[in-house]
Amino acid sequence: MQKFEVTILGCSSATPTSKRNPSAQLINIADRYFLVDCGEGTQMQLRRYKIKFQRIGHIFISHMHGDHYYGLMGLLSSMHLLGRSADLHLYGPPVLKEIIDMQYKHSETRLHYNLIFHPLQQDSADLIFEDEKVTVHTIILNHRIPCTGFLFREKDKPRKISREKITEFKIPYSELNNIKLGGDYVTKDGLTIPNERITGGPMPLFSYAYCSDTCYDEKVIEQVKQVDLLYHEATFMDDMEGRAKETFHSTTKQAALVAVRAKVKKLMIGHYSARYSDLQPMLEEAQSVFSNTVLALEGEKYNIEALN
Ligand SMILES: [Zn+2]
Ligand SMILES: [Zn+2]
């Protein structure tokens, strides 16, 4: 079974609280580790939840507010001090490179590994990563400063063959790979057995959209249509809509409205203001608009396939 899991490392907005860390999520798709945002304390959270951080190959930073990247220098440095040699790809606003270079210049640090920086365009939704299993696109958000979300999609994945089918059609081991990739099986007698009869057809491909930070914006809806899981920030409750608008953030009901209009399967809200210690009212408010809503909670691992 190909993994597609989202682990929440931080879900607080602006400042850490004694119970919540600022934004960071680890996304594991087919054993590729993607870190999305890296608020202060992210490396401690990775340790707390026993995630091997040297396995992270790609880090995506949404924007230059500190609650989304103040943990980055610490994490990059620990990777260096602990002997990392594998390349690390970092994606973020162009100015992020300047900040990192400046810090390493003054500490006279030369990293043991290659840090490969990919500046993100702030005005177009682009394909920024692709391999044989996964694609990642940016999502243009509407925040006080340029901000991009990230859309993760599975690509073609191997089809399933049950033991019963292998026995029924007497399929030799050497043929299994070809069938998993969609090929038909031709028996020794030249009889063709269509792939669908053996595997049941292509596997469903799942998607995950990360949208933080943003005010309510119709343009976001277009970009996250029908994803399996949408993470949308909900910094405030509905009674603070005015404050949300002023600060380019969203309310619980606005996040839920995006979910309704984009026809997503499931919504996860997060990026909670420190003023809310009890999150249950936020959940209930979002669920009053879109019932299939869950809270982002630190340490929780959400399996996208199981959510469907
Ligand atoms: Zn934020
Ligand atoms: Zn922000």
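**Figure 1. The hairpin of β2 and β3 in the predicted model.** Strands β2 and β3 form a hairpin with two residues between them. Ala30 lies in the turn and has a positive phi of about 50 degrees. β2 covers residues 24-29 and β3 covers residues 32-38; the two strands run antiparallel and are joined by six bridges. Within this pairing, Ile27 has Phe34 of β3 as its bridge partner.

**Figure 2. Strand β3 and its parallel neighbour β4.** β3 pairs with β4 (residues 56-60) in the parallel sense, over four bridges. Val36 stands opposite Phe60 of β4. Helix α1 (residues 42-48) belongs to the same part of the chain: β3, α1 and β4 make a right-handed β-α-β unit. Of the seven residues of β3, five are buried, so the strand is largely enclosed by the rest of the structure.

**Figure 3. The open sheet of seven strands.** The strand order is β6-β5-β4-β3-β2-β1-β16, and the pairing is mixed. β6 (115-119) and β16 (301-303) stand at the edges; each has a single partner strand, so one side of each is left without a neighbour in the sheet. From one strand to the next, the twist averages 20 degrees.

**Figure 4. Strands β5 and β6 with helix α3.** β5 (residues 88-92) pairs with β6 in the parallel sense, and the pairing extends over five bridges. Leu90 stands opposite Phe117 in β6. Together with helix α3 (residues 95-107), the strands β5 and β6 make a right-handed β-α-β unit.

**Figure 5. Surroundings of Ser23, in the loop between β1 and β2.** β1 spans 4-10, and Ser23 has its place in the loop that lies between this strand and β2. Is Ser23 buried or exposed? Ser23 has 32 C-beta neighbours inside 10 Å; because 20 or more are enough for a residue to be classed as buried, Ser23 counts as buried. Leaving aside residues up to four places away in sequence, Ser23 touches Gly10, Cys11, Asp37, Gly39, Asp67, His68, Ser212 and His271. Leu81, by contrast, is 58 residues from Ser23 along the chain, and the C-alpha atoms of these two residues are separated by 24 Å.

**Figure 6. The two sides of helix α10.** Helix α10 comprises residues 280-287, and its buried residues are Met282, Glu285 and Ala286. Seen down the axis of α10, these buried residues fall within an arc of 95 degrees, so they line one face of the helix. Elements that cover the buried residues include α9 (252-262), β14 (266-270) and β15 (293-295). Gln280, Pro281 and Glu284 are exposed, on the other side of α10.

**Figure 7. Division of the protein into domain 1 and domain 2.** Domain 1 takes in 4-157 + 203-303, and domain 2 takes in 163-199. What distance lies between the C-alpha centres of domain 1 and domain 2? The C-alpha centres of the two domains lie 41 Å apart.

Methods. Residues numbered from 1 in each chain as written. Chains lettered and ligands numbered in written order. Predicted model: local features only at pLDDT ≥ 70, side-chain atom pairs only at ≥ 80, totals over all residues. Pairing = 2+ DSSP bridges. Axes fitted to C-alpha atoms, helices over the stretch in contact; angles between N-to-C directions. Right-handed = clockwise from strand over helix to strand, strands pointing away. Buried ≥ 20, exposed ≤ 12 C-beta atoms within 10 Å, placed from the backbone. Domains from an automatic or database assignment. Arc of directions from axis to C-beta. Contact = placed C-beta atoms within 7 Å.
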